[in-house]
Amino acid sequence: MAASAGPEIERLISLLSKLPGLGPRSARRAALALLKRRDQLLVPLNEALTLAAERVRTCSVCGSLDTQDPCAICSDESRDGALICVVEEVGALWAMERAVAFRGRYHVLGGLLSALDGVGPDALKIGPLVNRAQAEAIREVILALPATVDGQTTAHYLAERLAGAGVAVTMLARGVPVGGELDWLDDGTINQAMRARRPA
């Protein structure tokens, strides 16, 4: 950082650079944009951050983020309470909601099992998921986890843990994306799509 910038600006840049997708250069550009447009960006952003810090909490049922507990999704009586969609993080829940493809309830694990990173079952919200599947009238648990080694390991572990709960355990289909061309796809995606083929 240039010596002419004060400690307040340096701290702003340092904090912005800790956000996902923002490195030091992007953080400097973002800080400059905020400071140049204080009334339109910086002041409203400060207010939004303050309100979020004060009001947003983690849902005690599913682990989502909301200003109420239980969250709006868990409180919505029009949703199918017999379906639970398991996701890694809240961002995946938001993606599912954006797609408007699921009208059940969710369970946020808070990460994935990873031997390399030292993340074991106790670090995730697996126990509460099993308790929900056993205590509530659940008919299906959908594992919407990433198609990575850690995602597949976590899905396999969850399927074993839920085996005695008397619920159907399913996974999202994997394969050719909408609008995808075969010559642009990796071998793993093509193989998975071939294994998951269905009647036309």
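Start by selecting Pro70, which sits in the loop between strand E2 (65-66) and helix H4 (72-75). You're looking at a predicted model, by the way. Now add Asp69 to the selection: the peptide bond that joins Asp69 and Pro70 is cis, with omega at about 0°.

**Another loop**

Next, jump to Val100. You'll find Val100 in the loop between helix H5 (90-99) and strand E4 (105-108). What is the sign of phi at Val100, which is not a glycine? Phi of Val100 is positive, about 50°.

**H1 against H2**

Time for some helices. Two packed helices are described by the angle between their axes and the distance between the axes. Select helix H1 (7-16) and helix H2 (residues 24-36). H1 and H2 pack at an angle of about 125°, and their axes are 8 Å apart. That angle makes H1 oblique to H2. The crossing of the pair is right-handed.

Turn on side chains to see who touches whom. H1 brings Ile9, Leu12, Ile13 and Leu16 to the contact, while H2 brings Pro24, Ala27, Arg28, Ala30, Ala31, Leu34 and Leu35. Sorted by class, the contact of H1 with H2 comes out as 10 nonpolar residues, no polar ones and 1 charged.

**On to H3**

Keep H2 on screen and add helix H3 (38-55). The axes of H2 and H3 come within 6 Å and cross at roughly 110°. H2 and H3 are therefore roughly perpendicular to each other. To view the meeting point, select Ala33, Leu34, Leu35 and Lys36 in H2, then Arg38, Leu41, Leu42 and Leu45 in H3. How do the residues of this contact of H2 with H3 divide by class? They split into 6 nonpolar, no polar and 2 charged.

**The largest pocket**

Stay in this part of the model and look for a gap. Rolling a probe the size of a water molecule over the atoms shows where empty space is left. The largest pocket has a volume of about 270 Å³. To outline the largest pocket, select its lining: Leu12, Leu15, Leu16, Leu19, Leu34, Leu42, Val43, Leu45, Asn46 and Leu49.

Some of those names should ring a bell. Leu12 and Leu16 of H1 and Leu34 of H2 are in the H1 and H2 contact, and Leu42 and Leu45 of H3 take part in the meeting with H2.

Which helices each supply at least two residues of the lining? Those are H1 and H3. H3 gives the most, with 5 residues. Colour the lining by class and you get 9 nonpolar, 1 polar and no charged residues.

**Last stop: H6 and H7**

Finally, move along the chain and select helix H6 (residues 126-135) together with helix H7 (residues 149-162). H6 and H7 pack at an angle of about 40°, with axes 10 Å apart. H6 and H7 are therefore oblique to each other, and their crossing is right-handed.

For the contact itself, pick Ile126, Gly127, Leu129, Val130 and Ala133 on the H6 side, and Tyr157, Leu158, Arg161 and Leu162 on the H7 side. By class, the contact of H6 with H7 has 7 nonpolar, 1 polar and 1 charged residues.

How values were computed
Residues numbered from 1 in each chain as written. Predicted model: local features only at pLDDT ≥ 70, side-chain atom pairs only at ≥ 80, totals over all residues. Heavy atoms only, no water. Axes fitted to C-alpha atoms, helices over the stretch in contact; angles between N-to-C directions. Helix = DSSP H or I, 4+ residues; strand = E, 2+ residues; numbered from the N terminus. Parallel < 35°, antiparallel > 145°, perpendicular 65-115°, else oblique. Left-handed = near helix turned anticlockwise from the far one by under 90°. Contact = heavy atoms within 4.5 Å. Nonpolar A, V, L, I, M, F, W, Y, C, P; charged D, E, K, R; others polar. 1 Å grid on protein atoms, 1.4 Å probe; cavity = no way out; pocket = protein on both sides within 12 Å on 5 of 7 lines; lining within 4 Å. Points joined across faces, edges and corners; volume = space filled by probe spheres on them.
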